[in-house]
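Reader: I am new to this structure. Please walk me through the terms used for it.

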Amino acid sequence: MDNRSEVREFLTSRRAKITPQQAGLPAAGHRRVKGLRREEVAMLAGVSAEYYARMERGNLSGTSEAVLDSLARALQLDESERAHLMDLARTASTTRRPARRRTAQPIRPALQQLLDAMTDAPAFIRNGRLDILATNRLGKALYWPLFQDPARPVNMARYQFLNPGAEEYMTELDHQRAAAAALLRTEAGQDPYNRDLSDLIGELSTRSEDFRSLWAAHNVRLHHTGLKRFCHPAVGDLTLAFEALPVPTDPGLILTAMSAEPGTPSADGLKLLSSWAATLDGHYQPDGEPTTPKAFRSDPERAPGSA
């Protein structure tokens, strides 16, 4: 990915989001630009208009952290946007490396044991590309529709944007898609020379108009906690709280665990999912072919992923 164009488009898009009123500036007179003018951002950041123009043209090479902090405050960047700006500046100040493919990151047995010990909560491990690399029993059951897609590795973004079943399975699909695009944009800033990531972004850009629109917005986010809503083909509607935790000993891996509020229909649904999950044992491996559990083969209308 071209760092200069990434910097230019990110700064331009953030500048367009801030109104003079939000920045504490007078809004008198006709304005030809959406949001702040360049010279207004420069004034707020405490740099010359020429220096800011240089940055917005895509040149962050050698920019100090103090200037970047001032720019982040001027543009009212949130935590994820500020981190993304720092990632772009770090890339601009390092020697460009050739794009490379990442070797598959193995899941240590201890991590799989940790997942398996979480018997009452759906849990999985993913990478920054949104590939699901390992699950526990409940996690496998919850995300069973993704496992039915023949593409490997199982990828959350590919399913959300390209699989027609996503509209029925994910009840807030627009929100999920926006989050996925923002997470991929964040990952691209952190790892700009990852060819596997670039290939996925290229595939989604080619095949999904929704992804192209979201990607062009240059939104980024850190995905730590929140709610996920599903319409699971076996147990119905589920609203689950999630916590996403980086794995310190395995950089780039994220462990996500989910739970339902006690006493709610979702808690009952999660218990039912636990019973249903037992039928999946032995029917999915992350690098294997998807199969339908025997319990569902006699009744195609109940099979996960069926129309």
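Author: What follows is a set of questions and answers about a predicted model.

Reader: What does the chain contain in helices and strands?

Author: There are 16 helices and five strands. Buried residues account for 48% of the 307 residues. Take the contacts between residues at least 6 apart in sequence: 58% of them join residues at least 24 apart.

Reader: Why does Glu187 count as buried or exposed?

Author: Buried means under 20% relative accessible area. Glu187 has 19% relative accessibility, so Glu187 counts as buried. Its place is in helix 12, residues 173-190. Beyond its neighbours within four places in sequence, Glu187 is in contact with Gly128, Arg129 and Leu197.

Reader: And what makes Thr206 buried or exposed?

Author: Exposed means over 50%. The relative accessible area of Thr206 is 63%, so Thr206 is exposed. This residue belongs to helix 13, residues 195-207.

Reader: Which backbone oxygen does the side chain of Thr206 reach?

Author: That of Gly202, at 2.8 Å. A polar contact needs N or O atoms within 3.5 Å. The distance of 2.8 Å for Thr206 and Gly202 meets that cut-off.

Reader: What is found at the start of helix 14?

Author: Helix 14 covers residues 209-216. At its start, a side-chain oxygen of Ser208 comes to within 3.4 Å of the backbone nitrogen of Asp210. The cut-off for a polar contact is again 3.5 Å. After helix 14 comes His218, with a positive phi near 60°.

Reader: Why are helix 1 and helix 6 described as roughly parallel or roughly antiparallel?

Author: Start with the angle. The axes of helix 1 (residues 3-17) and helix 6 (residues 79-92) cross at roughly 155° and come within 10 Å. Angles over 145 degrees count as roughly antiparallel. Therefore helix 1 is roughly antiparallel to helix 6. The crossing of helix 1 and helix 6 is left-handed.

Reader: Which residues make that contact between helix 1 and helix 6?

Author: Helix 1 brings Asn3, Glu6, Val7, Phe10, Leu11 and Arg14. Helix 6 brings Glu81, His84, Leu85, Leu88, Thr91 and Ala92.

Reader: Now the sheet. In what order do its strands stand?

Author: The order is 2-1-5-4-3. The five strands form an open sheet, and their pairing is antiparallel.

Reader: Why are strand 2 and strand 3 said to stand at the edges?

Author: Strand 2 (132-135) and strand 3 each have a single partner strand, so one side of each has no neighbour in the sheet. On average, neighbouring strands of this sheet are turned by 30° against each other, direction ignored.

Reader: How do you know that strand 3 and strand 4 pair?

Author: Two strands pair if there are at least two bridges between them. Strand 3 (residues 225-232) and strand 4 (residues 236-246) have eight bridges, in the antiparallel sense. In this pair, Gly226 stands opposite Phe242. A hairpin of three residues joins strand 3 to strand 4.

Reader: How many bridges join the other strands, strand 4 to strand 5 and strand 1 to strand 2?

Author: Six bridges join strand 4 to strand 5 (residues 254-259). There Pro246 faces Ile254. Three bridges join strand 1 (residues 123-126) to strand 2. There Arg126 stands opposite Ile132. Both pairs run antiparallel.

Reader: Which helix packs on the sheet?

Author: Helix 15, residues 265-277. Helix 15 touches strand 3 and strand 4, and its direction makes about 85° with that of strand 4. Angles from 65 to 115 degrees count as roughly perpendicular, so this one falls in that range.

Conventions:
Residues are numbered from 1 along each chain as its sequence is written. This is a predicted model: local features need pLDDT of at least 70, side-chain atom pairs count only at pLDDT 80 or more; totals for chains, interfaces and linings use all residues. Side-chain values use heavy atoms; hydrogens and water are left out. Helices (H or I, at least four residues) and strands (E, at least two) are DSSP runs, numbered from the N terminus. A polar contact is a pair of N or O atoms within 3.5 Å; within protein, one must be able to donate a hydrogen and the other to accept it, and residues adjacent in sequence count only if both atoms are side-chain atoms. Buried means under 20% relative accessible area, exposed over 50%, partly exposed in between (1.4 Å probe, protein chains only). Contact means heavy atoms within 4.5 Å. Axes are lines fitted to C-alpha atoms, for helices over the stretch in contact, and angles run from 0 to 180 degrees between N-to-C directions. Angles under 35 degrees count as roughly parallel, over 145 as roughly antiparallel, 65 to 115 as roughly perpendicular and the rest as oblique. A crossing is left-handed if the near helix is turned anticlockwise from the far one by less than a right angle, and right-handed if clockwise.
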